[in-house]
Amino acid sequence: MRLLIKNIKELFQVEETAGSSYKHPDVSLGGDSAGTKADTITDANDQAVSLGDLKTGTIETPVQSASSGEPCAGTEQFRDKVCGKDMANLPSIKDAFLLMEDGCIVAYGPMCDLSGTDVQADEVIDATGKYVLPAFCDSHTHLVYAGSREQEFVDKIKGLSYEEIARRGGGILNSALRLHETSEDELYDQALVRANEIIGMGTGAVEIKSGYGLNTGDELKMLRVIRRLKETTPLTIRATFLGAHAVPAAYKGRQSEYVDLIVNEMIPAVGQEGLAEFVDCFCDKGFFTCAETERILEAGARYGLRPKIHANELALSGGIQVGVKHNALSVDHLEFTEDAEIEALKGSVTMPTLLPGAAFFLGMKYPPARKMIDSGLPVALASDYNPGSSPSGNMKFILSLATIIMKLTPEEAVNAATLNSAYAMGISDSHGSIGTGKRANVLITKEIPSLWYLPYAYTSNLIDSVILGGKVVSRG
């Protein structure tokens with residue numbers, strides 16, 4: 001299957017590795033361009049960015065077809081993330097084309113390179129007046145859950161806090177009870193609706209956590225549903241085991257025994273079935289301590305599960321430092337972040353991941369995103385899609401919250417929701433930017449005046465089409 005998008009108003013988040021190709025060796029664009037220089041590309045502020053010698057370069061390993069949701073073979077060594085002041089730069093090509101084949105990006109560049117050629121494609125999309133970006137990568141969700149929790153929404157309106165609702169048996173424990181009473185098939189059916197919903201809003205890759213089981217059987221049930229979603233949707237999905245999301249009612253007053261259960265029974269079962277890539281823990285006030293978190297992360301490491309941590313949502317919990325110590329791929333939430341936490345993150349492999357949807361819905365303080373970026377850190381954005389504190393997987397709205405409330409520029413927000421969020425899922429080698437050999441996950445906007453209009457028009461549906469694995473899967 002070969003798909004060509006032509007007449008793109010502007011193609012964003014293109015790779016600019018010096019000396020790399022932007023054309024697969026088997027793709028002929030016509031004409032003899034040997035030894036010529038590619039046109040420069042620009043960022044969203046019209047500043048020229050050099051691409052170097054691109055027109056005749058070739059990737060070393062042939063691009064191969066990709067199965068649903070999996071990365072393509074043969075990618076170059078692209079950027080894995082964007083940090084600090086570089087987050088303000090979003091490389092782009094104006095009046096561009098993008099060619100995809102067998103699930104992968106095989107060529108892209110200015111439309112003038114197609115002039116006089118006879119590139120054949122099974123489908124051609126004319127994107128005149130429209131922008132093309134990598135599909136969003138949502139690196140923190142809980143979209144496998146049973147039912148909804150709008151009663152708690154009303155409780156919050158009446159003045160109850162997140163912690164007060166949890167103490168009354170609401171919150172995570174409420175979801176755990178509902179999930180226990182829901183069959184695996186029904187749980188899958190509900191989650192499939194949400195998966196299709198986020199695809200339509202421009203998401204192409206998503207991390208999904210367990211954590212509403214809180215016993216071995218129900219945690220495994222959740223992870224098996226996630227595996228079914230991997231197998232039956234065009235999304236790229238990564239699974240996270242989050243048995244340490246809360247202490248179940250049956251273990252009230254016996255938290256250490258519940259941690260024993262996670263370490264000695266749950267994690268081995270998850271590892272033996274190969275149901276997850278990551279292990280997570282809610283390391284925060286009123287949930288799990290730093291010492292308990294370390295036990296859980298160390299147990300996960302024995303089964304090849306890399307850490308991703310809920311940290312510092314409710315207090316200065318020490319969770320960020322624990323995550324850095326254990327080389328966590330990301331630490332998430334971070335509403336309570338001060339100078340010591342920022343210093344701990346500097347130079348680490350851990351991606352600070354911000355979830356403004358939860359702060360918005362709960363009426364809480366927002367993470368100090370501007371301070372993090374100005375200190376040289378990268379940041380990622382994710383939706384935290386869940387029934388209690390962020391019942392939305394709309395990543396475009398997350399861009400709006402990031403710009404309106406946390407004062408990221410639109411370019412910084414797009415970097416945070418594409419390449420950096422791909423890093424926070426461990427897939428930035430194959431997702432999150434436009435590069436030859438990368439997976440062909442892109443979104444096409446409607447006709448809009450500028451990139452800035454995406455977060456500016458914060459409730460408008462501006463997604464025209466979504467392409468995952470080189471196939472159109474949603475049309476607006």
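A cavity here is a set of grid points where a 1.4 Å probe fits but cannot get out, and its lining residues have an atom within 4 Å of such a point. The structure is a predicted model. A search of the whole of this model turns up 2 cavities of 30 Å³ or more.

The largest cavity has a volume of about 110 Å³. Its lining is made of 14 residues, and those nearest the centre of the cavity are His142, Tyr162, His245, Asn386 and Ser389. Sorted by class, this lining holds 7 polar, 4 nonpolar and 3 charged residues.

The second largest cavity encloses about 60 Å³ of space. Several stretches of the sequence meet around this second cavity: Pro134, Ala135, Phe136 and Cys137 line it, together with Gly204 and Ala205, then Ser430, His431, Gly432 and Ser433, and finally Arg439 and Asn441. Strands β8 (136–138) and β9 (203–209) each contribute at least two residues to this lining. By class, the lining of the second largest cavity comprises 6 polar residues, 5 nonpolar residues and 1 charged residue.

The largest pocket, which is an open set of points rather than a closed one, has a volume of about 490 Å³. There are 25 residues in its lining, and Ala166, Arg167, Leu173, Val247 and Gly286 lie nearest the centre of the pocket. The elements that supply two or more residues to this lining are α1 (150–157), α2 (162–167) and α3 (172–180). Helix α2 provides the largest share, with 5 residues. The pocket lining divides into 11 nonpolar, 8 charged and 6 polar residues.

The packing of the nonpolar side chains comes next. The largest nonpolar core contains 104 residues, and the members that touch the most others are Leu143, Val144, Phe241, Phe288, Ile296 and Leu381. Helix α6, spanning residues 255–273, gives the most to this core, namely 9 residues. Apart from this core lies another one of 19 residues, which includes Ala96, Met100, Ile105 and Ile467.

Ile296 can serve as an example from the largest core, being one of the members that touch the most others. When neighbours within four places in sequence are left aside, Ile296 is in contact with Ala244, Val259, Ile262, Val263, Ile267, Val279, Asp280 and Cys281. Among these partners, Val259, Ile262, Val263 and Ile267 fall within the residue range 255–273 of helix α6.

Conventions
Residues are numbered from 1 along each chain as its sequence is written. This is a predicted model: local features need pLDDT of at least 70, side-chain atom pairs count only at pLDDT 80 or more; totals for chains, interfaces and linings use all residues. Side-chain values use heavy atoms; hydrogens and water are left out. On a 1 Å grid over the protein atoms alone, a cavity is a set of points where a 1.4 Å probe fits but cannot get out, and a pocket is an open set with protein on both sides within 12 Å along at least five of seven lines; lining residues have an atom within 4 Å of a point. Grid points are joined across faces, edges and corners, and a volume is the space filled by probe spheres set on the points. Ala, Val, Leu, Ile, Met, Phe, Trp, Tyr, Cys and Pro count as nonpolar, Asp, Glu, Lys and Arg as charged, and the others, Gly among them, as polar. Helices (H or I, at least four residues) and strands (E, at least two) are DSSP runs, numbered from the N terminus. A nonpolar core is a set of buried Ala, Val, Leu, Ile, Met, Phe, Trp, Tyr and Cys residues joined through side-chain atoms within 4.5 Å. Buried means under 20% relative accessible area, exposed over 50%, partly exposed in between (1.4 Å probe, protein chains only). Contact means heavy atoms within 4.5 Å.
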